[in-house]
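Hello,

Here is the structure I promised to pass on to you. Please open it next to this email, and then read on for what I found in it.

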Amino acid sequence: MNPGGILEELAARIATLSEKIAATPRLQWATITNTSPLQIRLDGSTTTLSDLDCIGTPQRGHRVLAILWNRRVTIITGNA
């Protein structure tokens, strides 16, 4: 196999792995910073996220599990 062929194969495998990683949901802990509108701050972040879905009743200051997937965020509260 020529060096160009090896590089093309490697690039194709990296692209496939990148697509698989992007399609995998990520779980992360967060804190509810506001309930109207609903906003959270992910652990380790200084910015808040809004425009998210919620399973359960959100309460300001509560810790929640955030599911990040396909550019969407869904949180699960402890009282779901």
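To begin with a term that is needed further down: two strands count as paired if DSSP finds at least two bridges between them. Please also keep in mind that this is a predicted model.

**The chain as a whole**

The protein chain holds one helix and six strands. Read from the N terminus, the order of elements is α-β-β-β-β-β-β. Its radius of gyration is 18 Å, whereas a compact globule of 80 residues would come out near 12 Å. The C-alpha trace spans about 60 × 25 × 15 Å along the principal axes.

Of the 80 residues in the protein chain, 18% are buried. The chain exposes about 6000 Å², and 56% of that comes from carbon and sulfur atoms. As for charge, there are 8 positive and 6 negative side chains, with the centres of the two sets 10 Å apart. Among contacts with a separation of 6 or more, 41% are between residues 24 or more positions apart.

**The sheet**

In what order do the six strands lie in the sheet? They form an open sheet with the order 3-2-1-5-6-4, and the pairing is mixed. Strand 3 (49-50) and strand 4 (53-55) are the edge strands, each pairing on one side only.

Let me walk you through the sheet, beginning with strand 2 (residues 38-42). This strand runs antiparallel to strand 1, and five bridges join the two. One pair to look at is T31, whose bridge partner in strand 2 is R41. The two strands are also joined by a hairpin, through two residues. P37 sits in the loop between strand 1 and strand 2, and the peptide bond that joins S36 and P37 is cis, with omega about 0°.

On to the next pairing: strand 1 (residues 26-35) and strand 5 are antiparallel and joined by six bridges. Here L27 stands opposite I67, and Q28 has A66 as its bridge partner.

Strand 5 (residues 63-69) is worth a look with the side chains switched on. Which of its side chains are buried? V64, A66 and L68 point to one face and are buried, while R63, L65, I67 and W69 point to the other face and are not.

Strand 5 then pairs with strand 6 in the antiparallel sense, over five bridges. W69 stands opposite R72 of strand 6. These two strands form a hairpin with two residues between them, and N70 in the turn has a positive phi of about 55°. R71 is also in the loop between strand 5 and strand 6, and has a positive phi of about 60° although it is not a glycine. R71 counts as exposed because its relative accessibility is 89%, and exposed means over 50%.

Last comes strand 4, which pairs with strand 6 (residues 72-76) in the parallel sense over three bridges. In this pairing D53 stands opposite T74.

**Around strand 3**

S50 belongs to strand 3. Is S50 buried, exposed or partly exposed? At 44% relative accessibility, S50 counts as partly exposed, because that class lies between the 20% and 50% limits. Leaving aside neighbours within four places in sequence, S50 is in contact with L38 and Q39. The C-alpha atoms of S50 and I40 are 6.7 Å apart, and these residues are 10 apart along the chain.

D51 follows in the loop between strand 3 and strand 4. Like R71, D51 is not a glycine, yet has a positive phi of about 60°. With a relative accessibility of 70%, D51 counts as exposed.

If you have only a few minutes, I would suggest three places to look: the cis bond between S36 and P37, the alternating side chains of strand 5, and the turn with N70.

Happy viewing, and best wishes

Methods: Residues numbered from 1 in each chain as written. Heavy atoms only, no water. Helix = DSSP H or I, 4+ residues; strand = E, 2+ residues; numbered from the N terminus. Rg over C-alpha atoms; globule rule 2.2 N^0.38 Å. Buried < 20%, exposed > 50% of the residue type's maximum accessible area, 1.4 Å probe, protein only. Contact = heavy atoms within 4.5 Å. Areas by Shrake-Rupley, 256 points an atom, 1.4 Å probe, with all protein chains shown as cover. Lys, Arg positive; Asp, Glu negative; His and termini not counted. Charge placed at Lys NZ, Arg CZ, Asp CG, Glu CD.
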